[in-house]
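Me: I would like to take a close look at a single part of this structure. Please describe that part step by step, in terms that a first-year student can follow, and then place it in its wider setting.

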Amino acid sequence: MDEEYDVIILGTGLTECMLSGILAVEGKKVLHIDRNDFYGGECASVNLTQMYQRFRNGEQPPSELGRDRDYLIDLIPKFLMTGEGLIKVLVYTDVVRYLEFRAIATSMVYNGSKIYKVPSTPNEALTSSLVGVFQKVKARSFFEFLQSWQGTEAHHQGVSMDGDTMDKVYEHFGLNEDTQEFIGHSMALHLDEGYKKRPARETCKRVIMYANSAARAMADGRNSPYIYPQYGLGDLPQAFARLSAVYAGTFMLATPVDEVVRDEAGAFVGVKSGGKIARARQVIGDPSYFTDSVRVTDRVIRAICILRAPIPKTEADSAQIILPQRQTGRKHDIYVTCLSSQQKICPAGFYVASISTIAETQGDPKEEIAAGIKLLGPIDQIFVTVSNVYEPVTDGTKDNVFISRSYDATSHFETVYDDVKDLYHRITGKDLVLQKRPKMEEDAAAAAT
Amino acid sequence: MSQADSSHNSPADEGANASSHSPAPAKPIQIKVVLLGEAAVGKSSLVLRFVNDEFQENKEPTIGAAFLTQKVRLDDSVLKLDIWDTAGQERFHSLAPMYYRNAQAAVVVYDITRASSLDRAKAWIKELQRQANPNIVIALVGNKLDLVAENDNEEEEISEDHEDNGGDGDGKTRQIATETARAYADELGLLFVETSAKSGQGVVEVFTEVAKKLDLSQIASAGRRGRPGQLNAGNVNVNVLGEGGLDTSDGSIRTKTDGCAC
């Protein structure tokens with residue numbers, strides 16, 4: 001502890017652990033601290049005892065729910081798509097080696113109070129009832145437009161990717177509200193309608209990422225573009241922490257942070273814990289370690305539900321259901337996910353569903369997610385939370401204090417990856433360039449000689 | 001290199017529906033073995049001895065070794081032992097559950113000259129019984145026999161091959177009697193071996209005994225398991241997709257996650 005490091009990292013959430021691993025691989029001397037005695041911080045996967053500690057004042061979990069240790073419940077529900085940036089980091093760092101991914105069985109969308117399977121590819125979309133008969137030709141030309149775009153050019157077939165809004169692009173292709181909802185919410189996975197006023201590039205890239213993930217899923221015989229790590233999302237930060245440790249990162253869990261020490265100018269000096277001080281040039285941490293340097297951007301409602309049967313109409317061991325805002329009369333989409341013993345996150349015979357959305361009122365959060373709750377059928381236990389989403393007030397380049405963003409309400413990890421890239425740039429002054437790391441056995445062989 | 005004694009415990013005699021099993025060696029069965037134990041008991045040295053047959057005096061705390069791999073032949077089967085090192089995460093009690101959760105075997109090491117290290121080993125064994133795979137094979141290993149070889153009279157067999165212990169047998173005293181540790185191991189049904197990573201004594205035995213005790217038919221069937229009637233029960237191979245436009249199916253980097261030897 002009483003030592004000098006290149007960087008001290010506070011909190012073992014996914015963002016912090018990814019940076020820990022990446023920086024350690026680059027040769028930085030990393031000290032990584034968490035006040036909790038478990039990995040993952042806000043994005044941990046917890047057992048029943050931890051759930052009841054957190055949400056039921058430490059009550060004893062009912063024994064009918066089965067063994068405590070069989071539960072690994074994600075505090076932040078998300079799935080991965082094979083096309084997303086996080087997957088690239090997992091593969092390039094070979095951290096993927098520590099994890100086992102399972103397919104999510106089905107992806108559904110709520111439409112007119114029923115749920116339908118989301119067409120997984122543009123071609124499937126064109127034959128689905130979700131895209132109206134008269135829209136098919138128009139939607140096809142939109143997808144063909146994307147197909148011929150290389151992903152980088154600023155202008156493509158008369159559309160300015162950065163100058164035109166997505167609204168304008170929809171108009172250009174003559175896509176109606178139903179088709180827009182499908183593209184914007186089921187494929188681009190936007191949570192609200194704000195994207196329509198922003199440049200088209202963002203949404204086009206997201207649709208491409210979705211479609212590529214879906215195409216790969218089809219090729220592999222999977223029914224949804226989503227995948228999930230066995231034993232819960234909490235294994236993601238643990239896996240990156242291991243990478244960091246393998247590259248000499250020092251980990252100290254259950255270590256309270258008494259003070260983040262700054263000099264007169266406010267620049268970071270070190271971290272005090274139990275009378276000792278660890279010094280470093282820079283500090284990275286999640287918002288909970290820097291409560292006076294962050295502001296609230298949103299409030300996210302999350303409800304974790306324990307079920308004894310799959311979600312009706314999905315009849316699957318795992319599922320995602322999107323309830324687009326227009327379908328529920330809200331401004332933000334509601335996401336429902338469901339997992340089971342197939343993903344090794346609960347005992348056989350149980351299902352863990354999560355409902356999440358951005359809060360729009362100060363009222364009863366359950367009311368805001370009522371449409372989602374209704375889809376679940378009988379619920380054995382429900383745990384509802386409303387948590388603030390924080391962002392840092394400064395970018396850290398002046399005081400060497402780099403604060404991550406909270407996990408938002410999106411259903412995937414793209415915003416986490418964006419934050420990692422952004423933080424990396426602020427911390428090192430360089431763009432994050434992922435280089436393929438040698439395989440671990442090669443490492444080990446190198447270390448052994 | 002190490003080859004398991006093939007005289008007994010043949011996993012090929014698995015009975016019942018064995019009518020069509022082929023005698024030809026199939027592809028290696030991958031086994032995850034984790035090392036556990038207090039810092040500085042010689043966990044890494046034990047594996048380096050087993051895999052590379054070498055020993056480094058005054059080895060620095062583990063850096064850079066994620067895991068080492070060694071093949072072990074056992075009758076008709078070839079086992080590929082992936083031996084995971086703690087990467088130093090045990091130093092401040094910060095080892096992640098992911099590390100040992102789906103291990104098929106654990107080698108829990110203590111230092112026979114340090115009493116506290118056996119307490120730590122017992123705590124790990126408790127943790128494994130609570131969190132790990134219920135069929136996990138656990139070996140309790142008392143390391144650093146070489147340090148006590150000279151004044152250890154009760155262990156006759158260990159005085160045989162200690163020529164390299166000459167000058168620097170620094171006369172440390174044994175703090176944990178063989179019988180104490182063995183009794184504990186027997187009570188819990190653990191394998192028990194005393195070793196010296198320095199001389200190599202007992203090291204191969206640890207891993208071959210572990211290999212022999214594994215329920216290979218169970219491991220193989222767990223690897224194949226997939227629910228009938230469920231399309232998506234299988235594992236997913238994760239690849240990097242190409243960047244750029246729609247419909248790229250590059251996949252130049254393929255990393256399987258389902259236990260294939262990459």
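Reply: The following account concerns one strand of chain A, its partners, and the surroundings in which they are found.

The model is predicted. The part chosen is strand β2 of chain A, which covers residues 30-33.

Is this strand covered or open on its two faces? Both faces of β2(A) are covered. On one side stand A:V30 and A:H32, on the other A:L31 and A:I33, and all four are buried. A residue counts as buried when 20 or more other C-beta atoms lie within 10 Å of its own.

Which strands pair with β2(A)? One partner is strand β1 of chain A, residues 4-10, which runs parallel to β2(A) and is joined to it by four bridges. Within this pairing, A:V7 has A:V30 as its bridge partner. Another partner is strand β12 of chain A, residues 250-252, which also pairs with β2(A) in the parallel sense, over three bridges. Here the bridge partner of A:I33 is A:M252.

The connection from β1(A) to β2(A) also deserves attention. Helix α1 of chain A, residues 14-25, combines with β1(A) and β2(A) in a right-handed β-α-β unit.

One residue of the neighbouring strand shows how these pieces meet. A:D6 is found in strand β1 of chain A. In contrast to the four buried residues of β2(A), A:D6 counts as partly exposed, because it has 15 C-beta neighbours inside 10 Å. Apart from neighbours within four places in sequence, A:D6 is in contact with A:K28, A:K29, A:V30, A:A280 and A:R281. One of these, A:V30, is a buried residue of β2(A). As for A:V420, it is 414 residues from A:D6 in sequence, while the C-alpha atoms of the two are 18 Å apart in space.

The next step is the domain setting. Chain A is divided into three parts: domain 1 (4-44 + 234-295 + 391-448), domain 2 (58-96 + 297-389) and domain 3 (119-219). The residues of β2(A), 30-33, fall in the 4-44 segment of domain 1. Taken over C-alpha atoms, the centres of domain 1 and domain 2 of chain A are separated by 27 Å. The contact between these two domains takes 28 residues from domain 1 of chain A and 26 residues from domain 2 of chain A. On the domain 1 side, α1, α9 (235-246) and α13 (414-428) of chain A each supply at least two residues. Thus helix α1 belongs to the β-α-β unit with β2(A) and also contributes to the side of domain 1 that touches domain 2. By class, that side has 14 nonpolar, six polar and eight charged residues.

Domain 1 of chain A includes the segment 234-295, and a hairpin is found there. Strand β13 of chain A, residues 259-262, is joined to strand β14 of chain A, residues 268-273, by four bridges, and the two run antiparallel. This contrasts with the parallel pairing of β2(A) and β12(A). A:E259 stands opposite A:K272 in β14(A). Five residues lie between the strands of the hairpin, and A:G266 takes a positive phi near 90°.

A positive phi also occurs elsewhere in chain A. Most residues other than glycine have a negative phi. A:E315 is not a glycine, yet its phi is positive, at about 45°. A:E315 is found in the loop between β16 (294-307) and β17 (319-323) of chain A. This residue is exposed, because 11 other C-beta atoms lie within 10 Å.

Finally, the whole chain gives the background to these details. Chain A has 14 helices and 21 strands. Its C-alpha trace spans about 70 × 60 × 50 Å along its principal axes. A compact globule of 449 residues would have a radius of gyration near 22 Å, and chain A has 22 Å, which agrees. Of the 449 residues of chain A, 51% count as buried. Among contacts in chain A with a separation of 6 or more, 72% are between residues 24 or more positions apart. The pairing of β2(A), residues 30-33, with β12(A), residues 250-252, joins parts of the chain with such a separation.

Definitions and conventions: Residues are numbered from 1 along each chain as its sequence is written. Chains are lettered from A and ligands numbered from 1 in the order in which they are written. This is a predicted model: local features need pLDDT of at least 70, side-chain atom pairs count only at pLDDT 80 or more; totals for chains, interfaces and linings use all residues. The radius of gyration is taken over C-alpha atoms; the globule rule is 2.2 Å times the number of residues to the power 0.38. A residue is buried if 20 or more other C-beta atoms lie within 10 Å of its own, exposed if 12 or fewer, and partly exposed in between; C-beta atoms are placed from the backbone. Two residues are in contact if their C-beta atoms, placed from the backbone, lie within 7 Å. Two strands pair if DSSP finds at least two bridges between them. A crossover is right-handed if, with the strands pointing away from the viewer, the path from the first strand over the helix to the second runs clockwise. Domain bounds come from an automatic or database domain assignment. Ala, Val, Leu, Ile, Met, Phe, Trp, Tyr, Cys and Pro count as nonpolar, Asp, Glu, Lys and Arg as charged, and the others, Gly among them, as polar.
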